Amino acid sequence: MGQGAVGQGAVGPAGTLGLAGVLSLAGTLVGDSGVQPAGTPLPLDLGHTARPGGDALSHGRGLDCWEVRKRNSSEWCHFVRSNPDCRLEGGFLDYLDGVFCVFPPRLLPLAVTLYALWLLYLFVILGVTAEKFFCPNLSAISTNLKLSHNVAGCGHQVFSLMSPLHGVTFLAFGNGAPDVFSAVVAFSDPRTAGLAIGAVFGAGVFVTTVVAGGIAMVKPFTAASRPFLRDVIFYMVAVFLTFMVLYFGRITLGEALGYLGLYVFYVFTVVLCTWIHRWQRGEGPTPPSPWEPEMPTDAEEQESSGANSGDYGEEYQPLLPSPESSLRILSTALSPLDHRKWRRKPWYWRLFKIFKVPVELLLLLTVPVVDPDKDDLNWKRPLNCLHIVTSPLLCILTLKSGTYGLYQIQGVFPVWALITLVGSVLATVIFITTSNERPPKYHCVFAFLGFLASAMWINAAATELVNILRTLGVIFQLSNTVLGLTLLAWGNSIGDTFSDLTMARQGYPRMAFSACFGGIIFNILVGVGLGCLLQMTSSQLVVKLEPDSLLVWILAGALGLSLVFSFVAVPAQCFQLGKAYGLCLILYYLAFLCVALLTEFKVIHLSTA
């Protein structure tokens, strides 16, 4: 798989995940089929592919794949299969070949409908993997590395001043994993780099206007002054740096490292400000700050991931517990449904759960989850022994789209068979030497294995997501930038939108509002910095960016303008945010979206002499 597998298990913002990151990124820069000559910047087209009215030549790749829609329908299949620009990098499915060769031209609407449904399901896969498998294993890893438990928190954990790193390290990494993986995968191919820029900037505009405005309309509140100003200033600096990189048309090794260094500085600033604030108030570490309140926990909404299915509370436990058989433990652990919860949920929740069951079942079979909050650490001996086989097999079959897994040693024995054999032996040994009741001393290793396996799942889904978006761009003659700022940005932000608005309705609008600005700082700095850094080699330390579309500049300007508006308007209102402020932000986003679409369809364009 060319460069499509870039970013499996991208290294988190904390150095504690270095080992997992190195393992998951192994082979990223090896075997690239399109290595540039030394001294020639690697070109990344931003918005070029499928640009209406664009040049027919695409940087030495022959005809632009977008040209296929200008041909007679009888020539579509031959054009796609013979044109190098129509070859998708990485991924398991060739979507362009499917829509133009497998489906006859008269069934093109059916193909587009199926692709759209598959696109939505890919977003479901990303969300489920990050929420129920990636984040819990991050929590277990930090616990085993002797960090505060709250530092590892993902999703809706309790915030505490004991852990000033919580929201800006592991929480940001867990919540931003789909965004960062999508950006890294998109940057891996020059033809889809516009998706990365469009998604990073588009999600920034969406979250800082629609989500932030929605919070203010749902629950008017007084914003926390210092955290808000800190986050907005850092975000404006990140946007300005990206604007300058686009203006000069290249990003060097120092600039890519500067993105990551700026995020480290941001983390340091958050910690320092928290400690200074605590010292000024003369408070101990226990009481929560008024601008960092405790997070409410809704026990009823804590949905079982299967790894803790069957744990329905103390009232459902037998008075005289008896040892369960291994078969019963396995069947219970593999059940993604909580039958008691199922009966009291509305019909639409049940319908959505039915769609999630297949992917949850696959994840349960391939990704172990360690839960430090449980007495047994979520030790399920038969399932965990099965994970010894399935998790490494998943990693080797998803790395480079199975290229390494299908490789035959000495032309005889495939690598996947060797992994299966070794895993089976280890699983047998562990099963014999352990018991169902007590986890082994090395159970923490399963957290690292689960982290790596869930990262590979996210990367595989992100690769398919980027490829199908590029295919839709070719079909509808849309640029990668507009696809990134709409579909990819909306899909990656929908989970944060619902969680933030729910948080605001529950009476925690300050926390939700802070998350709007703090989380996307991680996405832009780590997404752009890591995405470009992984494209550099020892002989090529410059990546060339080519923002040859007016839409890119409109997108960057809209994000910068929205931040300046909030930076001025919020203090002007003495940080009292209400429905008027929220309505202005939402109207601003609608106006931006109209301008972006008009620019995409050439209604708005630059006049040329």
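**Exercise 1. Work out how much of the chain is buried, and how it is built.**

Solution. Start with burial: in this predicted model, 54% of the chain's 609 residues count as buried. Next, look at the surface that remains accessible. That comes to about 26,200 Å², and carbon and sulfur atoms account for 67% of it. Now list the building blocks: the chain has 18 helices and 7 strands. Finally, check how the chain folds back on itself. Take the contacts between residues at least 6 apart in sequence: 78% of them join residues at least 24 apart.

**Exercise 2. Find the largest nonpolar core and say which helix gives the largest share of it.**

Solution. Begin with the count: the largest nonpolar core holds 146 residues. Inside this core, Phe100, Phe201, Phe513 and Ile524 have the most contacts. Then ask about the helices. Helix α4, residues 108-144, supplies the largest share of the core, with 18 residues.

Now zoom in on one of those residues. Leaving out residues up to four places away in sequence, phenylalanine 201 touches Thr242, Leu246, Ile524, Leu555, Ala556 and Leu559. Notice that Ile524, one of these partners, is also on the list of residues with the most contacts in the core.

**Exercise 3. Is valine 68 buried or exposed, and which residues does valine 68 touch?**

Solution. First, place the residue: valine 68 sits in the loop between β1 (42-45) and α2 (76-82). Second, check its accessibility. The relative value is 0%, so valine 68 counts as buried; the cut-off for buried is under 20%. Third, look for partners. Beyond its neighbours up to four places away in sequence, valine 68 touches Trp76, Phe79, Val80, Phe100 and Val474. Phe100 is a familiar name from the core. Fourth, compare sequence and space for one pair: valine 68 and valine 474 are 406 residues apart in sequence, and their C-alpha atoms are 8.0 Å apart.

**Exercise 4. Decide how two pairs of helices are arranged.**

Solution. Take α7 (residues 225-248) and α8 (residues 253-281). Their axes come within 11 Å and cross at roughly 170 degrees. Angles over 145 degrees count as roughly antiparallel, so α7 and α8 are roughly antiparallel to each other. Residues making this contact include Phe234, Leu241 and Thr242 of α7, along with Tyr259, Phe265 and Cys273 of α8. You've met Thr242 already, as a partner of phenylalanine 201.

Now try α15 (residues 480-505) and α18 (residues 579-600). Here the axes are 10 Å apart and the angle is about 135 degrees. That makes α15 oblique to α18. On the α15 side you'll find Val482, Leu485, Thr486 and Trp490, meeting Tyr589, Phe592, Leu593, Ala596, Leu597 and Glu600 of α18.

**Exercise 5. Describe what surrounds asparagine 137, then move to the loop between α11 and α12.**

Solution. Asparagine 137 is in helix α4, and its relative accessibility of 0% makes it buried. Next, check its side chain: one of its polar atoms lies 3.0 Å from the backbone oxygen of proline 368. Setting aside neighbours within four places in sequence, the contacts of asparagine 137 are Val367, Pro368, Val369, Val370, Phe446, Ala447, Gly450 and Phe451.

Now follow proline 368 to lysine 380. These two are 12 residues apart in sequence, with 9.3 Å between their C-alpha atoms. Lysine 380 lies in the loop between α11 and α12. With a relative accessible area of 19%, lysine 380 is buried, as it falls under the 20% cut-off.

Asparagine 378 is in the loop between α11 (347-366) and α12 (381-398) too. Its side chain reaches the backbone oxygen of valine 369 at 2.8 Å. Its C-alpha is 10.0 Å from that of arginine 438, 60 residues away in sequence.

**Exercise 6. Compare two residues that have a positive phi.**

Solution. Start from the general rule: most residues other than glycine have a negative phi. Asparagine 378 has a positive phi of about 65 degrees, although it isn't a glycine. Cysteine 574 has a positive phi as well, near 55 degrees.

Then compare their surroundings. Asparagine 378 is buried, at 3% relative accessibility. Cysteine 574 is exposed, with a relative accessible area of 57%. Last, place cysteine 574: look in the loop between α17 (550-572) and β7 (576-577).

Terms used. Residues are numbered from 1 along each chain as its sequence is written. This is a predicted model: local features need pLDDT of at least 70, side-chain atom pairs count only at pLDDT 80 or more; totals for chains, interfaces and linings use all residues. Side-chain values use heavy atoms; hydrogens and water are left out. Helices (H or I, at least four residues) and strands (E, at least two) are DSSP runs, numbered from the N terminus. Buried means under 20% relative accessible area, exposed over 50%, partly exposed in between (1.4 Å probe, protein chains only). A polar contact is a pair of N or O atoms within 3.5 Å; within protein, one must be able to donate a hydrogen and the other to accept it, and residues adjacent in sequence count only if both atoms are side-chain atoms. A nonpolar core is a set of buried Ala, Val, Leu, Ile, Met, Phe, Trp, Tyr and Cys residues joined through side-chain atoms within 4.5 Å. Contact means heavy atoms within 4.5 Å. Accessible areas come from the Shrake-Rupley method with a 1.4 Å probe; for residues, only the protein chains shown count as cover. Axes are lines fitted to C-alpha atoms, for helices over the stretch in contact, and angles run from 0 to 180 degrees between N-to-C directions. Angles under 35 degrees count as roughly parallel, over 145 as roughly antiparallel, 65 to 115 as roughly perpendicular and the rest as oblique.
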